[in-house]
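Okay, thanks for making time. Let's get the model up on the screen, and then I'll talk you through it.

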Amino acid sequence: KSFRIGADISQKEMAAKLELSVPTYSNYENGYSEPPMEVIQKFCSIIGTPLYNFLKNKITHKALS
């Protein structure tokens with residue numbers, strides 16, 4: 001979520017860019033389900049961050065939760 005907000009993209013816009021429904025994207029963002037790696041890679045491409053940075057942040061965030 002923080003990456004999407006930092007890129008100034010709404011959930012609706014991101015879902016459209018990823019070719020997903022808004023509820024599906026929302027479920028990924030809120031941790032109700034895990035997106036496939038292809039979706040994660042496309043997400044990183046859209047927001048302009050390397051996959052490594054995204055995954056590193058995600059792992060660190062989970063460790064602090």
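Before we start, one definition: when I say two residues meet or touch, I mean they have heavy atoms within 4.5 Å. And keep in mind that this is a predicted model.

So, the overall picture. We've got five helices and zero strands here, so to speak an α-α-α-α-α run when you read from the N terminus on. The chain has 65 residues, and 26% of them count as buried. If you take the contacts with a separation of 6 or more, 39% of those come from residues 24 or more positions apart.

Let's go to helix α2, residues 11-18, and ask what it packs on. Take α4 to begin with, which is residues 37-47: the two axes come within 10 Å and cross at roughly 120°. That angle makes α2 oblique to α4, and the crossing is right-handed. Which residues of α2 and α4 meet there? On the α2 side you have Met 14, Lys 17 and Leu 18, and on the α4 side Val 39, Lys 42, Phe 43, Ile 46 and Ile 47. Sort that contact by class and you get six nonpolar residues, two charged and no polar.

Now the other partner, α3. Here the axes of α2 and α3 are 9 Å apart, and the packing angle is about 105°. With that angle, α2 is roughly perpendicular to α3. From α2, the residues involved are Gln 11, Lys 12, Met 14, Ala 15 and Leu 18, and they meet Val 22, Tyr 25, Ser 26 and Glu 29 of α3. By class, this contact has five nonpolar, two polar and two charged residues. Met 14 and Leu 18 are worth clicking on: they're in the list for α4, and they turn up in the list for α3 too.

Okay, loops. Glu 19 sits in the loop between α2 and α3, with α3 being 22-29. Is Glu 19 buried or exposed? Its relative accessibility is 66%, so Glu 19 counts as exposed; the cut-off for that is over 50%. Glu 19 is also 20 residues from Val 39 in sequence, and their C-alpha atoms are 9.3 Å apart in space.

Compare that with Thr 49, over in the loop between α4 and α5, where α5 is 51-64. Thr 49 comes in at 16% relative accessibility, so Thr 49 counts as buried. What does Thr 49 touch, leaving out residues up to four places away in sequence? That would be Phe 3, Cys 44 and Phe 54.

Those two phenylalanines bring me to the rings. The structure holds two aromatic pairs. One of them is Phe 3 with Phe 54, a tilted pair, 5.2 Å centre to centre and 55° between the planes. Phe 3 is in helix α1, residues 2-6, and Phe 54 is in α5, so this pair ties together parts that are 51 residues apart in sequence. As for accessibility, Phe 54 counts as buried at 14%, while Phe 3, at 21%, counts as partly exposed; under 20% is what buried takes.

Last thing on the rings: ring pairs link Phe 3, Phe 43 and Phe 54 into a cluster. And Phe 43 is a residue we've met already, as one of those from α4 in the contact with α2.

That's my tour, over to you.

Definitions and conventions:
Residues are numbered from 1 along each chain as its sequence is written. This is a predicted model: local features need pLDDT of at least 70, side-chain atom pairs count only at pLDDT 80 or more; totals for chains, interfaces and linings use all residues. Side-chain values use heavy atoms; hydrogens and water are left out. Axes are lines fitted to C-alpha atoms, for helices over the stretch in contact, and angles run from 0 to 180 degrees between N-to-C directions. Helices (H or I, at least four residues) and strands (E, at least two) are DSSP runs, numbered from the N terminus. Angles under 35 degrees count as roughly parallel, over 145 as roughly antiparallel, 65 to 115 as roughly perpendicular and the rest as oblique. A crossing is left-handed if the near helix is turned anticlockwise from the far one by less than a right angle, and right-handed if clockwise. Ala, Val, Leu, Ile, Met, Phe, Trp, Tyr, Cys and Pro count as nonpolar, Asp, Glu, Lys and Arg as charged, and the others, Gly among them, as polar. Buried means under 20% relative accessible area, exposed over 50%, partly exposed in between (1.4 Å probe, protein chains only). Rings of Phe, Tyr and Trp (its six-membered ring) pair if their centres lie within 6.5 Å; planes under 30 degrees apart count as stacked, over 60 as edge-to-face and the rest as tilted.
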